[in-house]
Amino acid sequence: EWFWIVLLEAMASRILVISTKCWGPEEIIKDNNTWILIEKWNSLEIKKVIEVIIDKEKSDLINIWNKWYESILDKYLLSDSINEIYEIYNELITNYK
């Protein structure tokens, strides 16, 4: 998905996400979790990743979910987005009077 909304919602709900390597997910899912980023149109890689997930300890999966949740809270809060838009708006007004 181009706008990442589904990905962010799933991560915020602590749902494990398998995503293809493309601009949006690669921006959100950082290097320490690259095993869930797969090449586009590669069904064998999807199978491999699902097998890795099944073999992981529950505590490892919980740690990944918690990291995702914390990263979303750090970067994607609505209040932060509103503040960014406000700053951009103020800069435009100040610079283009």
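1. Accessible surface. In this predicted model, the protein chain has an accessible surface of about 7400 Å². Carbon and sulfur atoms account for 58% of that surface. Of the 97 residues in the protein chain, 24% are buried.

2. Secondary structure. The protein chain contains five helices and two strands. Their order along the sequence is α-β-α-β-α-α-α. A reader tracing the chain from its start therefore meets a helix, a strand, a helix and a strand, and then three helices in succession.

3. Contacts across the sequence. Among contacts in the protein chain with a separation of 6 or more, 38% join residues that are 24 or more positions apart. The pairs described in points 6 and 7 offer individual examples of separation in sequence and in space.

4. Packing of α1 and α4. How do helix α1, residues 5-12, and helix α4, residues 58-75, pack? Their axes lie 8 Å apart and form an angle of about 120°. The two helices are therefore oblique to each other, since an angle of 120° falls outside the range of 65 to 115 degrees for roughly perpendicular and is not over 145, the limit for roughly antiparallel. On the α1 side, the contact is made by Leu-8, Met-11 and Ala-12; on the α4 side, it is made by Trp-68, Tyr-69 and Ile-72. The contact of α1 with α4 comprises six nonpolar residues, with no polar and no charged ones.

5. The nonpolar core. Which residues form the largest nonpolar core? This core has 11 residues: Trp-4, Leu-7, Leu-8, Ala-10, Met-11, Val-17, Ile-28, Ile-36, Ile-64, Trp-68 and Ile-72. The elements contributing two or more residues to this core are α1 and α4. Helix α1 gives the most, with four residues. Leu-8 and Met-11 of α1, together with Trp-68 and Ile-72 of α4, take part in the helix contact and also belong to this core. In soluble globular proteins, nonpolar side chains tend to be buried together.

6. Leu-73 and Glu-70 in relation to Ala-12. Both Leu-73 and Glu-70 are found in helix α4. Leu-73 has a relative accessible area of 36% and is partly exposed, because this value lies between the 20% limit for buried and the 50% limit for exposed. Glu-70, with a relative accessible area of 47%, is likewise partly exposed. Measuring from C-alpha to C-alpha is the basis for both distances that follow. Leu-73 is 61 residues from Ala-12 in sequence and 8.3 Å from Ala-12 in space. Glu-70 is 58 residues from Ala-12 in sequence, with 8.5 Å between the two in space.

7. Val-49 in helix α3. Is Val-49, a residue of helix α3, buried or exposed? Val-49 is buried, because its relative accessible area of 7% is under the 20% cut-off. Val-49 and Leu-37 are separated by 12 residues in sequence and by 8.8 Å in space, C-alpha to C-alpha.

8. Trp-41 in a loop. Trp-41 is found in the loop between β2 (37-38) and α3 (43-55). Its phi is near 60°, a positive value in a residue other than glycine. Trp-41 counts as exposed, because its relative accessibility of 86% is over 50%. By contrast, Trp-4 and Trp-68 are among the residues of the largest nonpolar core, a set made up of buried residues.

Methods:
Residues numbered from 1 in each chain as written. Predicted model: local features only at pLDDT ≥ 70, side-chain atom pairs only at ≥ 80, totals over all residues. Heavy atoms only, no water. Buried < 20%, exposed > 50% of the residue type's maximum accessible area, 1.4 Å probe, protein only. Contact = heavy atoms within 4.5 Å. Areas by Shrake-Rupley, 256 points an atom, 1.4 Å probe, with all protein chains shown as cover. Axes fitted to C-alpha atoms, helices over the stretch in contact; angles between N-to-C directions. Parallel < 35°, antiparallel > 145°, perpendicular 65-115°, else oblique. Nonpolar A, V, L, I, M, F, W, Y, C, P; charged D, E, K, R; others polar. Core = buried A, V, L, I, M, F, W, Y, C linked by side-chain atoms within 4.5 Å.
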